[in-house]
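Dear colleague,

I am passing on the structure below, and I would be glad if you kept it open while you read the notes that follow.

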Amino acid sequence: MKAVAVNPTLREIAVREHPEPRLESATAVIARPLDVGVCGTDREIASFAYGTPPAGESWLVNGHECLAQVVKVGADVKTVRPGDLVVPIVRRPCPHAECAPCRAARQDFCVTGDFTERGIRGAHGFMTEQIVDDERFFLPMPAALRDVGVLVEPLTIAEKAIEQVRAIETRLPESARHLAANPKRAVVLGAGPVGLLGAMVLRLAGYTTYVYSRSAQDAVHGPILTGIGATLVPAEQQSVSDLADTVGNIDLVYEAVGASSLAFEVLKFLGMNGVFVFTGVPGRKAAIKIDTDRVMRHLVLKNQVAFGTVNAGYASYEHAARDLGEFATRWPAVVRGLITSRSPLEAAPTLLTTKPSGIKSVVSIAS
Ligand code: BGC
Ligand code: ZN
């Protein structure tokens, strides 16, 4: 069968022959990927800056954002049946007995660093005709989400973030947590898929939401932001300090651009009891100057919390599937509008190596 794969040593990306998977255990599931999304991580892997083939192999099959359909199941599989839609989770636990998070199926908090990630690190991805894995790594999806289910994986980033924000907010008295009684203001940095899905989660949670972006295009982003009731603050026209004046007390920042200079500039303006979430992974650039005294003073005097979040656990996938269904009911045109291109498998190497346009590009492998 065909697969899109990279060879970091040869610096090649190609559609190649890849062995068909087999049911290796009674709890294994074979599925055929229908849609596979492309994100910044995939583009970095395609430029050989990131990504590791499985041990002993020289090619890595790309793709980690996937909606698939179950083809065949092992004798003991209980959660899915042939024909069902599923989303495979990305990260696989490390093998070490002493890694408590991995042993508790929370490999997103792996402490040894020996986890693998499908399509990214040490395990093949989903840009291929069939995949196999244990049933515990597949999330069942309702048939109604056939068109947009590929957005579940990027949405899990926002879900895991907001779960942690809620955990942090338990430090406040109960009466100060309810958003209806205490309207809170969130700033999303970036209007790519991770930023927009984050803005949708924040709107659903009841935050007054501002999206600060340099690249938002009126025609593409305008209807999406208006549709969900978020306000665009164009970075070409407003400095970060203007942004802070517009917003007032910034309760939450959801960073989704991976640019440290912007992130730390905004951190300077985080408000009272504010929480700052980093989701982006910046490339290595020259060091920047930051006013660390100001940042530290504010962290202390304003009870601020800044944290980073990577990958997501199974529960965040469940929350993402639930919220995507909610988005599709509330804002059907908006959700469909996030997927701005669909290409066949053969076009994936070009798609992965040319400048991105639109919002989410998807490789449609089967229908
Ligand atoms: C993926 C995560 C992964 C991260 C780092 C992201 O693009 O969505 O699942 O943990 O890259 O490899
Ligand atoms: Zn990704």
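Does Gly308 count as buried or exposed? At 52% relative accessibility, Gly308 counts as exposed, where buried means under 20% relative accessible area, exposed over 50% and partly exposed in between, with a 1.4 Å probe and protein chains only. Gly308 lies in strand 17, strands being DSSP runs of E of at least two residues and helices runs of H or I of at least four, both numbered from the N terminus. Its C-alpha atom is separated by 4.5 Å from that of Phe278, although their places lie 30 residues apart along the chain.

Before the rest, some conventions. This is a predicted model, in which local features need pLDDT of at least 70 and side-chain atom pairs count only at pLDDT 80 or more, while totals for chains, interfaces and linings use all residues. Residues are numbered from 1 along each chain as its sequence is written, chains are lettered from A and ligands numbered from 1 in the order in which they are written, and side-chain values use heavy atoms, with hydrogens and water left out.

The ligand sites come next. Around ligand 1 (a residue is near when one of its heavy atoms lies within 4 Å) are Cys39, Thr41, Tyr50, His64, Val90, Arg91, Glu117, Ile120, Glu153, Val310 and Asn311. This shell divides into five nonpolar, three polar and three charged residues, with Ala, Val, Leu, Ile, Met, Phe, Trp, Tyr, Cys and Pro counted as nonpolar, Asp, Glu, Lys and Arg as charged, and the others, Gly among them, as polar. An N or O atom in the side chain of Glu117 is 2.5 Å from an oxygen atom of ligand 1, an N or O atom in the side chain of Thr41 is 2.6 Å from a ligand oxygen, and for His64 a polar side-chain atom lies 3.4 Å from an oxygen of the ligand; a polar contact here is a pair of N or O atoms within 3.5 Å, and within protein one must be able to donate a hydrogen and the other to accept it, with residues adjacent in sequence counting only if both atoms are side-chain atoms. Taken alone, ligand 1 exposes 310 Å², and the protein buries 89% of that, by the Shrake-Rupley method with a 1.4 Å probe.

The zinc ion (ligand 2) has Cys39 (SG) and His64 (NE2) as its protein donors, lying 2.1 to 2.5 Å from it; donors are N, O and S atoms within 2.8 Å of the metal (3.2 Å for Na, K and Ca), and water is not among the atoms, so sites may look incomplete. Because Cys39 lies in the loop between strand 3 (28-38) and helix 1 (40-46), and His64 in the loop between strand 4 (60-61) and strand 5 (65-73), the pair ties together parts that are 25 residues apart in sequence. Both Cys39 and His64 are buried.

Two further residues are also worth listing. Ile131, in strand 10 (residues 131-134), is buried with a relative accessible area of 2%, and beyond its neighbours within four places in sequence its contacts (heavy atoms within 4.5 Å) include Pro21, Val29, Phe126 and Phe138. Thr209, in strand 13 (residues 208-213), is buried at 1% relative accessibility, and its side chain reaches the backbone oxygen of Tyr207 at 3.0 Å.

With best regards
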